[in-house]
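Reader: Could you take me closely through one pleated part of this assembly, strand by strand, and then set it beside the places around it? I would like every cut-off stated as you go.

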Amino acid sequence: MVEEHSTATQSIQDNVLQAREAAPLHSDGKMVRLLDHFKREWQLYVMLAPTIIWFLVFLYKPMYGLQIAFKDYSIFRGVAGSPWVGWEHFETLFSNDQFLRAIGNTIKISALNLIFGFPAPIILALMFNEILNARFKKTAQTIVYLPHFISSVIIAGIVITAFAPTGGIVNVILGWFGIDSIYFLTRPEWFRPIFVGTGIWQEAGFGSIVFLAAIAGVNPSLYESAVVDGANRWQMMWKITIPSIMPTILIMLIIRIGNIMEVSFELVILLYQPATYSTADVVNTWVYRQGLQSGQYDLAAAAGLFNAVVAFVLVMTANTLSRRYSRTSLW
Amino acid sequence: MAGVSLSNIIKRYGAVQVVHGINLEVAEKEFVVLVGPSGCGKSTTLRMIAGLEEISEGDLLIDERRMNRVAPKDRDVAMVFQNYALYPHLNVADNMAFGLRIRRMPKDQIATTISETAAILGLTDYLERRPADLSGGQRQRVAMGRAIVRHPKVFLFDEPLSNLDAKLRTQMRAEIKRLHNRLGVTSVYVTHDQVEAMTLADRIVVMNDGRIEQVGTPMELFNNPVNTFVAGFLGSPPMNQMKGQLTETGARIGSAEIKISGAMNGDAGRDVIIGIRPEHVTLEPGAQTSVLPIELDLVEPLGSEALLHARFGDDNVMFKTETHGDLSHLSGVAEVHIPASRVKIFDAETGNALSLGG
Amino acid sequence: MMKWNLYSRGDKFFAIVVSVLIGMFTVATLYPFIYIAAVSFSSGFAAQAGKVVLTPIDATVEAYGYILVDPQFWISYRNTFIYTIGGTVMSLAFIIPGAYALSRPQLKGRRFFNLFIAFTMWFNAGLIPFFLNMRDLGLLDSMFGIILAFAVNAFNIILLRNFFEAIPQSFEEAARMDGANDFQVLWKVYMPLSKPAIATITLFCIVSRWNGFFWAMVLLQSEDKIPLQVFLRHTISNLSDDDEFAIVQTAAGFSAETVTAAIIVCSIIPVLIVYPFIQKYFEKGILLGGVKE
C-alpha cells in the first residue's frame with residue numbers, strides 16, 4: 001500500500017532508470033591504473049628527482065666510499081681498486097693513544113656541555129616567563145638570540161681577542177684583582193671551560209626558544225586556578241611550569257645524549273693549538289688532521305666510521321627512548 | 001544530456017573495501033543528495049565522481065562518457081569543498097578567476113564571467129577582498145562562485161554547509177536551492193544532515209556502510225522507508241521503533257493492541273518492529289486509531305509545537321504535538337492515539353519494511 | 001601592568017630578582033660585541049696595553065684603513081655574497097619541489113623516499129669520504145662545487161614537507177579541479193600559502209652560507225675564491241702568529257688586536273642589518289622543523 005505522492009520531481013523520476021542491473025562494463029587492471037598514475041602524476045616525480053639525485057651523489061656515494069676504512073687506500077687506485085685490509089685500520093686506531101685521547105675528550109666535552117649547557121636555556125626560558133614588561137622581554141630575547149647567528153670564526157676571533165695575554169679584557173679584569181696575566185688559550189686546563197662557556201654564551205638564548213614555546217603551550221587556566229588557590233610565582237614555576245614542560249625537556253635531553261659524539265669541531269679547530277691538544281682534540285679534529293692534513297685517508301675514514309656508527313646507535317637509542325617515554329618521537 | 005551514471009562502483013583501500021558496488025543514475029538537471037552517517041562512503045563516492053579518488057571497480061559515466069581514467073580537470077565537473085578551500089592569498093575575484101586563467105580563457109571573457117557570477121551571488125562589492133575578510137556565508141558564496149564560473153556539466157558539493165552556524169545554514173540552503181532552480185545544472189550533494197537532504201533534494205540517496213539503502217524523493221523516503229535504518233535516519237525527531245508482534249487483527253506492543261491497515265496474511269505471531277513517527281500521533285481518538293498508554297516524562301515546548309518525552313513499557317518514545325499556544329493541556333497526557341494508516345511494520349531481524357495488504 | 005598590582009610582596013621581589021638576572025645575562029651577551037667594536041676603534045697601543053674596556057681609547061680608524069685597502073678583503077666579501085645568494089637560490093630550487101613531492105600522499109614510494117632522506121640525518125659518511133667524493137667529482141677549488149654540494153639537507157626538506165603536509169589537501173584538490181597541474185598547484189597555491197616556512201628556510205640557508213667556514217677552508221685553495229670567513233681566519237691567525245707585525249704596526253696606530261676586531265665588525269654588520277627582519281621568522285621556524293608529533 002504505497003501512498004501516492006505527486007511531487008514536483010515526478011517528471012524527473014520518469015526519466016531515471018532505477019538502480020541499474022549489476023553488469024560492470026569492464027574494470028581497469030592494476031597495470032593500467034599504475035600507468036594512469038604516472039601519466040597523471042609524472043610531474044611529482046620530476047620535482048622529486050633532483051633532490052634524490054643530489055642525495056645519492058653527495059651523501060650516499062660517500063657512504064660507498066666508506067669502504068676505504070677497510071682498504072689500503074691509494075689515490076691512484078681509487079676506492080674500488082684499492083686492496084682490502086680487513087680490520088687493520090681499526091686495530092691501529094685502538095692502539096693509538098691520540099685517537100683514544102680524542103674519544104675521551106669528545107665524551108668529556110660533551111658531558112660538560114650536558115651538565116652546564118643543557119640546563120642553561122631551560123633556566124633562561126623560565127626566567128623569561130617571569131618577566132612582565134613585554135618590551136624588556138622582547139629586547140632581551142632579541143639580544144640573547146643574536147650570538148647563534150654569528151659564525152664560529154667570529155666567535156673564535158672574539159674569544160681570542162678577549163682572552164689575549166696582553167690587553168685582553170679578561171686579563172685586564174684579572175689584573176684589577178692583582179692576578180697575573182694568563183695565556184688562556186695555550187693552557188690545556190683552560191680549554192674546556194672556555195669552550196663550554198663560549199657554547200653557553202652562543203646558544204643558551206637561542207636554545208630557550210623551544211622551552212619558551214612549550215611554556216606558552218601551558219593551559220593558562222592552570223595558573224589562574226593556582227592563583228585562586230593562593231600559590232606564589234615561585235610555587236607556580238615548580239608546580240606548574242616545570243612539570244608541564246617536562247616532556248619537552250626530556251626530548252631535548254634525549255637529543256643531546258644522542259648527539260654526544262658531535263662536538264662542534266669547527267669551533268675546536270678555531271680555538272685549539274698543539275699546546276692544548278691534550279684536552280681539546282676531539283675525534284673529528286683528529287680525523288681532520290690525520291686525513292685532510294696528513295693524507296692518511298683510510299685510517300681517518302676508519303675513525304670517522306667508528307664515530308658515525310656510535311653516533312647512529314646513540315641516536316637510534318635516543319629515539320626509541322623518546323618514543324617509549326613520551327608520545328612524541330623525534331621523527 | 002549531462003547525467004551521471006555509476007554502475008557497480010567499488011572502492012578499496014588496500015584490502016579494505018569501503019564502497020561495495022554503488023549503482024545510481026543521476027538525471028540531467030537533477031539535484032541528488034547523498035546522505036548517511038559519517039563513514040558511510042558518501043564522500044568517497046562523491047570524490048570518485050570528481051576524480052579525486054581512484055575507482056577500484058565499476059564504471060563512472062558523465063554525459064555518457066566513461067570517466068574512470070579521465071583526470072579531474074578534464075571531467076568538466078566543479079566541486080564545492082567542506083572547508084571551501086578558498087586560496088587565502090587571492091582576493092575574491094582572483095579566487096573565482098583561478099580556474100579560468102589556468103584554462104587560458106581570454107581576459108575580457110574572464111572579467112565578464114566574474115562580474116556576472118558575482119552579481120548572481122551578491123558578491124559584487126566584495127571582489128577585492130581576501131577570504132579572511134569575509135563572513136562565513138560570503139566565503140560559502142565565493143566557493144560556489146568558483147564552481148559556477150566554470151559552467152561545468154556537474155556540480156559536486158561536499159558538505160558545503162557544515163562549517164556554518166545554524167541560522168546561516170538555513171539561509172544558504174535556500175540560496176543553493178534557488179541557484180539550482182536558476183542554473184539547472186546537474187548536482188550531487190553530500191551531507192550527513194537529513195534536513196539538508198530533505199529540503200534540497202529532488203532525490204535522496206541514503207547510504208550506510210558503503211551501500212545504498214534507498215533512493216527516492218524526499219517524501220517517498222519519509223513515508224515509505226524500506227527499512228529501519230532509513231526510517232530512523234530521516235525525520236526529526238526520528239521515528240519511534242518498538243518491538244512487537246503481529247496479531248490476527250493488527251499488532252501488539254507489550255500490552256497495547258495496535259490497529260494497522262492491510263491484512264497480515266496469516267503472519268500472526270511474527271516478531272516485528274513497529275514504527276510510528278512522532279508527529280503522526282494525536283491526543284484525541286480518531287476514526288481508525290489505537291490507544292497507546294504512556295508515562296509522560298518531560299514536555300519540551302518548541303513554540304507552536306511541543307515534544308513529549310515518554311515511556312511505554314521499556315521503550316523511550318517521543319511525540320510531537322501542537323501546543324496551540326498553551327502547554328497546560330499536555331501535562332496530564334497519559335495516552336496517545338495512533339492512526340492505523342501511519343503505522344509502519346518492519347521485520348524484527350532484517351529491519352526491512354513489510355508490505356501490508358496485497 | 002594589571003598583573004603587577006595583583007602580585008604579593010614575595011612575587012614582586014622574585015620578579016625583580018629575575019629581571020636583574022636576565023638583564024645581567026643580556027649585558028653579558030652584548031658586552032663582547034661592544035668590547036670588540038671599542039677595540040676596533042682604539043689605537044693599537046691602547047688595545048695592547050689593556051686600556052680598552054667599554055669605549056674606544058685614542059679613537060682612530062687606522063685599523064679599518066688597514067683592512068679596507070686590502071683587495072683580498074673585498075674579493076672575499078664579494079665571494080661571500082656569491083655563495084650566500086647563489087647557494088640560497090640553489091637550495092630553494094632543490095628543496096621546494098622536493099619537499100612538495102614528498103608531502104603528497106599520492107606519491108608512490110613516499111615512505112621509502114622520506115626514509116631515504118631522513119636516514120642522512122642519523123648517519124653520514126664523515127669528513128674523509130665526503131672530501132674524496134668531492135675530489136672525484138672534480139669539485140675541489142670550485143665555487144660551483146661549494147654552492148651545489150651544500151645546497152640540500154634533510155632537516156630543511158623535512159621542515160618544509162611538514163609544513164606542506166599541514167596545508168589541507170582540499171587546496172590541492174580544488175586547484176586540480178580548476179585544471180592546475182602539479183607545478184601550477186605548487187607555484188600558484190602551495191608556495192604562496194607557505195611563505196612563512198619558505199622564509200624560514202631561506203633564512204637558515206642565508207645564515208649557514210654566510211657563516212660557512214670549514215668546508216670552504218678545506219675545499220678552496222685559490223685566494224680569489226675564498227669567502228669572508230676564511231679570509232677572516234687567515235688574517236686572525238697570521239696576525240697573532242706574526243710578532244713582528246705587532247711591533248712594527250703598533251707604531252702606525254693599529255695592532256693585531258684592533259685589526260682583528262675591525263674585520264669582525266665588518267663581517268658582522270650585514271648580519272646585524274638583516275637580523276631584525278629575520279627575527280620574526282626564526283622563532284616560528286625552529287618550532288616548525290623541530291619535533292614532529
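Author: What follows starts with one sheet and then moves outward through the chains. The model is a predicted one, in which local features need a pLDDT of at least 70 and side-chain atom pairs count only at pLDDT 80 or more, while totals for chains, interfaces and linings use all residues. Residues are numbered from 1 along each chain as its sequence is written, and chains are lettered from A and ligands numbered from 1 in the order in which they are written.

The part in question belongs to chain B, where four strands (a strand being a DSSP run of E with at least two residues, a helix a run of H or I with at least four, numbered from the N terminus) make an open sheet in the order S2-S1-S4-S5, with antiparallel pairing. Two strands pair here if DSSP finds at least two bridges between them. At the margins of the sheet stand strand S2 (16-26) and strand S5 (65-66) of chain B, each of which pairs on one side only.

Further in, strand S1 (residues 4-13) of chain B runs antiparallel to strand S4 (residues 57-62) of chain B, and the two are joined over 5 bridges. Two of the partners can be followed by name: B:Ser5 has B:Leu61 as its bridge partner in S4(B), and B:Leu6 has B:Leu60 in that strand. One helix lies against this arrangement, for helix H1 (residues 42-50) of chain B packs on the sheet and touches S1, S2 and S4 of chain B.

Going from S4(B) towards the edge, one finds that S4(B) and S5(B) pair in the antiparallel sense over 2 bridges, and B:Leu61, already named as the partner of B:Ser5, also stands opposite B:Arg66 in S5(B). S4(B) and S5(B) form a hairpin with 2 residues between them, and in that turn B:Asp63 has a positive phi of about 55°. B:Glu64 sits in the loop between S4 and S5 of chain B as well, and its phi, near 75°, is positive although the residue is not a glycine. As for its surroundings, B:Glu64 is exposed, with 9 other C-beta atoms within 10 Å; with C-beta atoms placed from the backbone, exposed means 12 or fewer others within 10 Å, buried means 20 or more, and partly exposed lies in between.

Elsewhere in chain B there is another backbone feature to set beside the hairpin: the peptide bond from B:Ser236 to B:Pro237 is cis, with omega near -10°. B:Pro237 belongs to the loop that connects helix H8 (228-233) with strand S11 (240-246) of chain B. Once neighbours within four places in sequence are left aside, B:Ile274 is in contact (C-beta atoms, placed from the backbone, within 7 Å) with B:Met242, B:Gly244, B:Ala251, B:Ile253, B:Ile258, B:Val343 and B:Ile345.

Where chain B meets chain C, the contact takes 16 residues from chain B and 14 residues from chain C. On the side of chain C, the elements that give two or more residues are helix H10 (169-177) and helix H11 (182-193) of chain C, and H10(C) contributes the most, with 6 residues.

Chain C also meets chain A, with 85 residues of chain C in contact with 77 residues of chain A. Helix H2 (residues 9-40) of chain C gives the most to that side of chain C, with 16 residues. Chain A itself holds 16 helices and 0 strands, and 38% of its 331 residues are buried. Of the contacts in chain A with a separation of 6 or more, 67% are between residues 24 or more positions apart.

Two places within chain C complete the tour. Helix H7 (residues 127-136) of chain C is mostly covered, since 8 of its 10 residues are buried, among them C:Phe130, C:Phe131 and C:Asn133. Just after H7(C), C:Gly138 takes a positive phi of about 70°. C:Asp58, which is not a glycine, has a positive phi of about 50°; C:Asp58 is found in the loop between helix H3 (44-48) and helix H4 (62-68) of chain C. With 15 other C-beta atoms within 10 Å, C:Asp58 is partly exposed, whereas B:Glu64 in the hairpin is exposed.

Technical notes:
Two residues are in contact if their C-beta atoms, placed from the backbone, lie within 7 Å. Axes are lines fitted to C-alpha atoms, for helices over the stretch in contact, and angles run from 0 to 180 degrees between N-to-C directions.
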